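Visitor: I have a few questions about how the labels on this model were chosen. Could you walk me through them?

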Amino acid sequence: MLERILEFVFPAQCAACDAAGSGLCARCFPARDPVSRTLPTLRVRALGRYEGALRDAILALKNGRRDVARELGRRLGPLAPGGAQLVPVPTSARRLRERGMDGVRAIAEEIAAREPATCVAAALVQLGDAAQQGRSREERLHARGRFRLARALPHATGEIVLVDDVVTTGATLEDCAATLRGAGYAVARALAVAVAETDVGAPLPKQ
Ligand SMILES: [Zn+2]
């Protein structure tokens with residue numbers, strides 16, 4: 001029912017070519033093998049590289065497009081381990097006010113609605129600007145500890161998997177993982193829509 005209301009309020013349209021039907025059409029981004037990116041302590045799986053139609057989709061997501069979040073969640077769902085506890089990387093409070101939607105959380109919720117997985121929304125929160133004051137711009141860009149655990153994760157057996165939109169340096173995901181580990185949770189994997197670089201030897205997306 002909610003899905004139908006959302007479809008009515010936000011009719012799906014491809015972020016790359018505007019075709020009606022889904023937030024990212026099969027012509028602009030055909031089904032393909034996922035790509036991998038290995039970070040210091042995390043293994044990331046993603047739909048592809050941050051370019052072309054996938055880049056268009058992520059920009060639309062950042063602008064609050066729920067139809068795009070639904071389609072990206074549909075495509076990422078099969079990459080989630082069975083029973084996964086999905087922890088979305090949170091957006092800042094300011095961005096949430098501006099956009100009206102946390103796109104990464106919307107993707108994680110879509111995955112949880114489709115797959116045997118749960119979304120632990122708002123487990124992590126980004127520290128506010130106040131916490132960043134006194135740090136230089138350089139320090140802010142590279143600082144660890146930009147997140148805190150806002151609620152305990154349920155005592156479930158499912159593997160904890162972080163979810164993000166685009167992985168560039170991987171510093172944000174590592175920061176989130178360190179926050180979770182600091183609270184005693186094990187985490188070794190992440191799902192992302194796109195990665196800026198893939199592992200050497202990993203299959204590159206066909207264009
Ligand atoms: Zn398209």
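Guide: Gladly! Let us begin with a cut-off: buried means under 20% relative accessible area, exposed means over 50%, and partly exposed lies in between. Keep in mind that this is a predicted model.

Visitor: Why is C14 called buried?

Guide: The relative accessible area of C14 is 0%. The cut-off is under 20%, so C14 counts as buried.

Visitor: And what makes C17 partly exposed?

Guide: C17 has 33% relative accessibility. That value falls between 20% and 50%, so C17 counts as partly exposed.

Visitor: Which residues are the protein donors of the zinc ion, and how do you know that they are donors?

Guide: They are C14, C17, C25 and C28, each through its SG atom, lying 2.3 to 2.4 Å from the zinc ion. Donors are N, O and S atoms within 2.8 Å of the metal, so these four SG atoms qualify. Along the chain, the donors follow the spacing C-x2-C-x7-C-x2-C.

Visitor: Why is the site of the zinc ion called tetrahedral?

Guide: The angles among its four donor atoms are 104 to 115°. Four donors count as tetrahedral if all angles lie between 85 and 135 degrees, so the site is tetrahedral.

Visitor: On to the sheet: what makes β1 and β4 edge strands?

Guide: The open sheet has six strands in the order β1-β2-β8-β7-β3-β4, with mixed pairing. Strands β1 (35–38) and β4 (118–119) each pair on one side only.

Visitor: How do you know that β7 and β8 pair?

Guide: Six bridges join β7 to β8, which run parallel. Pairing needs at least two bridges, so these strands pair. As for residues, V163 has L191 in β8 as its bridge partner.

Technical notes. Residues numbered from 1 in each chain as written. Predicted model: local features only at pLDDT ≥ 70, side-chain atom pairs only at ≥ 80, totals over all residues. Heavy atoms only, no water. Donors = N, O, S within 2.8 Å, 3.2 Å for Na, K, Ca; no water. Tetrahedral: all angles 85-135°; square planar, octahedral: opposite > 155°, others 65-115°. Buried < 20%, exposed > 50% of the residue type's maximum accessible area, 1.4 Å probe, protein only. Helix = DSSP H or I, 4+ residues; strand = E, 2+ residues; numbered from the N terminus.
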